[in-house]
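This report considers how the residues of one helix are divided between the interior and the surface of a protein model. Please examine the sequence and the structure shown below before reading on.

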Amino acid sequence: MDLATGADHRLDDAVARLRKELGDLSAIELRARRIVETMALVLQGSLLVRHGPAAVADAFCASRLAGDWGVAFGTLPPGTDTGAILGRVPLP
């Protein structure tokens, strides 16, 4: 499966971390929920990097795959192009 390797270093780093987690079978049952969560985030990131608007993919990778911004909605790092993201939504 192509995960858009090389398209975003944060996605590449997350894939590497996931591969490391899957390679370590010690106590994997205890880490299973975290591993599945990471798998879902990597898949989302891959789809966004390949098919989504660049600003959205960048914000997702920055907030969900890199740094310590948390996984709660709205935790975006400084410098995120929020104008491009919000501009995608038509106002009534």
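## Helix α1, the core and the surface

Leu22 is found in helix α1. The model that contains this helix is predicted. Helix α1 has 15 residues. From its first C-alpha to its last, α1 reaches 21 Å, close to the 21 Å expected at 1.5 Å a residue.

Which residues of α1 are buried? They are Arg10, Leu11, Ala14, Val15 and Leu18. Seen down the axis of α1, these buried residues fall within an arc of 140 degrees, so they line one face of the helix. On the other side of α1, the exposed residues are His9, Arg19, Lys20 and Gly23.

Leu22 is partly exposed because its relative accessible area is 41%, a value that lies between the 20% limit for buried residues and the 50% limit for exposed ones. Together with Val36 and Met39, Leu22 makes a nonpolar surface patch of about 260 Å².

The largest nonpolar core has 10 residues, among them Leu11, Ala14, Val15 and Leu18. Other members of this core include Ile35, Leu41, Val42, Phe60, Cys61 and Leu65. Three elements give two or more residues to the core, and they are listed in the table below.

| Element | Residue range |
|---|---|
| α1 | 9-23 |
| α2 | 28-51 |
| α3 | 54-65 |

Which element gives the most to this core? That element is α1, with four residues. Helix α1 thus contributes to the core, while its residue Leu22 takes part in the nonpolar surface patch.

Definitions and conventions: Residues numbered from 1 in each chain as written. Predicted model: local features only at pLDDT ≥ 70, side-chain atom pairs only at ≥ 80, totals over all residues. Heavy atoms only, no water. Core = buried A, V, L, I, M, F, W, Y, C linked by side-chain atoms within 4.5 Å. Buried < 20%, exposed > 50% of the residue type's maximum accessible area, 1.4 Å probe, protein only. Patch = residues over 30% accessible without salt bridge, like charges linked within 9 Å, V, L, I, M, F, W, Y side chains within 5 Å. Areas by Shrake-Rupley, 256 points an atom, 1.4 Å probe, with all protein chains shown as cover. Salt bridge = Lys/Arg side-chain N within 4 Å of Asp/Glu carboxyl O. Expected span 1.5 Å × (residues − 1). Arc of directions from axis to C-beta.
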